Amino acid sequence: MKPAKYLIALSLTLAATAALADEVRVYNWSDYIDEALLEKFEKETGINLIYDVFDSNDVLETKLLAGSSGYDVVVPSASFLERQIKAGVFQPLDQSKLPNAQHLWDAIKERTEPYDPDNAYSVNYMWGTTGIGINVDKVAEVLGDDAPVDSLELVFNPKYMEKLAVCGVQFLDASAEIIPATLTYLGEDPNTQDTDIIAKTEPVLSAVRPYVQKFHSSEYINALANGEICVAFGYSGDILQARDRAAEAENGVNIAYNAPKEGAVMWFDQMAIPTDAPNPEAAHTFLNFMMDPQNMAAASNYVYYANGNLASQEFLEEDVINDTAIYPDAETMKALYPTIAWNPRTQRFVTRMWTRIKSGT
């Protein structure tokens with residue numbers, strides 16, 4: 001017979017293991033899922049879901065590189081995922097546990113493969129563009145009806161930004177989005193690793209910095225919806241969420257989104273499982289749940305972003321699947337470009353420069 005102390009220890013271990021088996025921890029962007037899906041997951045699987053949110057890739061990356069994040073599923077943008085894979089942050093997916101992967105969209109898998117060869121470590125959650133959200137009436141009032149609302153001129157030319165500051169402008173707090181867009185504005189390669197070329201963006205951004213009310217990756221949604229600002233340079237789906245919140249509130253705020261005609265960043269947010277995930281089994285269950293076409297459609301219908309699940313499209317609401325700001329037409333798709341991760345040296349340079357730009361020093 002085992003000693004009582006051993007039996008107590010064994011009981012505690014089994015209890016901890018059972019608790020772990022019934023729990024999955026997910027770390028995702030804020031305002032990025034229909035909470036009814038979280039309840040549905042728990043009801044269907046019996047697994048307790050702990051769902052936390054973040055507002056920038058940098059916050060997520062800091063946790064992942066430090067190790068022992070405690071999360072089973074995280075959702076980095078593809079350009080960050082690329083270097084995190086190289087750093088050994090993620091574990092390969094067990095495809096035998098993901099039967100719903102059959103519903104994925106080959107056209108999107110082809111675009112995410114440069115970040116994740118063979119799509120071995122991740123599954124697309126959502127994708128979209130980074131562009132310009134405007135309060136149509138306020139911008140017309142300040143700049144006139146011929147304002148360049150579909151051009152990077154609107155946000156990177158001080159002659160426009162100075163006037164727009166009267167009604168409020170906010171930018172994403174995301175160097176990986178803003179720097180490539182600024183390079184595109186300058187006619188440079190948005191994916192350059194040359195720090196001398198990247199340095200050309202600092203005077204452009206510093207010149208408009210006095211007119212940017214705030215750099216934040218989610219607050220501009222409500223600010224735009226409530227009429228507190230008139231321009232946001234941000235994620236397509238966020239701006240469309242703001243448009244719909246304004247419509248629901250019937251507050252008279254008319255919002256539109258434009259992907260810049262010079263070209264727009266096409267980004268991908270990928271679901272992945274950290275190498276040290278406490279419960280990889282439950283993580284796979286969550287990924288497979290999210291790849292169910294109806295579940296992915298519900299997510300897109302809520303957040304107004306396109307997803308990488310082709311079979312989900314039959315379940316999308318008409319104002320999602322037929323909105324070219326969400327699912328761009330073929331001509332617009334040609335002008336979209338993905339971004340690649342900066343190498344460590346370039347990343348350090350960008351981080352320092354971005355800090356200077358935001359602080360205005």
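This passage describes a central strand, a charged surface patch and several salt bridges in a predicted model.

The structure is a predicted model, in which local features require pLDDT of at least 70 and side-chain atom pairs count only at pLDDT 80 or more, whereas totals for chains, interfaces and linings use all residues. Residues are numbered from 1 along each chain as its sequence is written, and side-chain values use heavy atoms, with hydrogens and water left out.

Helices (H or I, at least four residues) and strands (E, at least two) are taken as DSSP runs and numbered from the N terminus. Burial is expressed through relative accessible area, with buried meaning under 20%, exposed over 50% and partly exposed in between, for a 1.4 Å probe and protein chains only. On these terms, 14 of the 14 residues of strand β4 (residues 122–135) are buried, so this strand is largely enclosed by the rest of the structure.

Strand β4 pairs with several other strands, two strands being counted as paired if DSSP finds at least two bridges between them. Strand β9 (residues 264–272) runs antiparallel to β4 and is joined to it by seven bridges, with Val123 standing opposite Met271 of β9. Five bridges connect β4 with strand β7 (residues 231–235), again in the antiparallel sense, and here Ile134 has Val231 of β7 as its bridge partner. Strand β8 (residues 255–258) is likewise antiparallel to β4, with four bridges between them, and Asn135 is bridged to Ile255 of β8.

The loop between α5 (106–112) and β4 contains Asp118, which counts as exposed because its relative accessibility is 63%. Together with Asp106, Glu110 and Glu113, Asp118 forms a negative surface patch. Such patches consist of residues with over 30% relative accessible area and no salt bridge, like charges being joined within 9 Å and nonpolar side chains (Val, Leu, Ile, Met, Phe, Trp, Tyr) within 5 Å. By contrast with Asp118, Ile85 in helix α4 (residues 78–86) is buried, with a relative accessible area of 15%. The C-alpha atoms of Ile85 and Ile221 are separated by 31 Å, and these residues lie 136 residues apart along the chain.

Side chains of opposite charge can pair when their charged atoms come close. With a salt bridge defined as a side-chain nitrogen of Lys or Arg within 4 Å of a carboxyl oxygen of Asp or Glu, the count comes to 13 salt bridges. One of them joins Arg25 and Glu23 at 3.1 Å, N to O; Arg25 is partly exposed at a relative accessible area of 30%, and Glu23 is partly exposed at 21%.

Another salt bridge is formed by Arg245 and Asp31, whose closest N and O atoms are 3.6 Å apart. This pair links distant parts of the chain, 214 residues apart, with Arg245 in helix α13 (residues 236–249) and Asp31 in the loop between β1 (23–29) and α2 (35–45). Arg245 is partly exposed at 27% relative accessibility, as is Asp31 at 35%.

Lys358 and Asp173 also form a salt bridge, their closest N and O atoms being 3.0 Å apart. Here, too, distant parts of the chain are linked, since Lys358 belongs to helix α18 (residues 344–359) and Asp173 to the loop between β5 (169–171) and α9 (175–185), 185 residues apart. Lys358 counts as partly exposed at 27% relative accessibility, and Asp173 counts as partly exposed at 21%. Finally, Asp94, Lys97 and Glu281 are linked in a network of salt bridges.

Technical notes
Areas by Shrake-Rupley, 256 points an atom, 1.4 Å probe, with all protein chains shown as cover. Lys, Arg positive; Asp, Glu negative; His and termini not counted. Charge placed at Lys NZ, Arg CZ, Asp CG, Glu CD.
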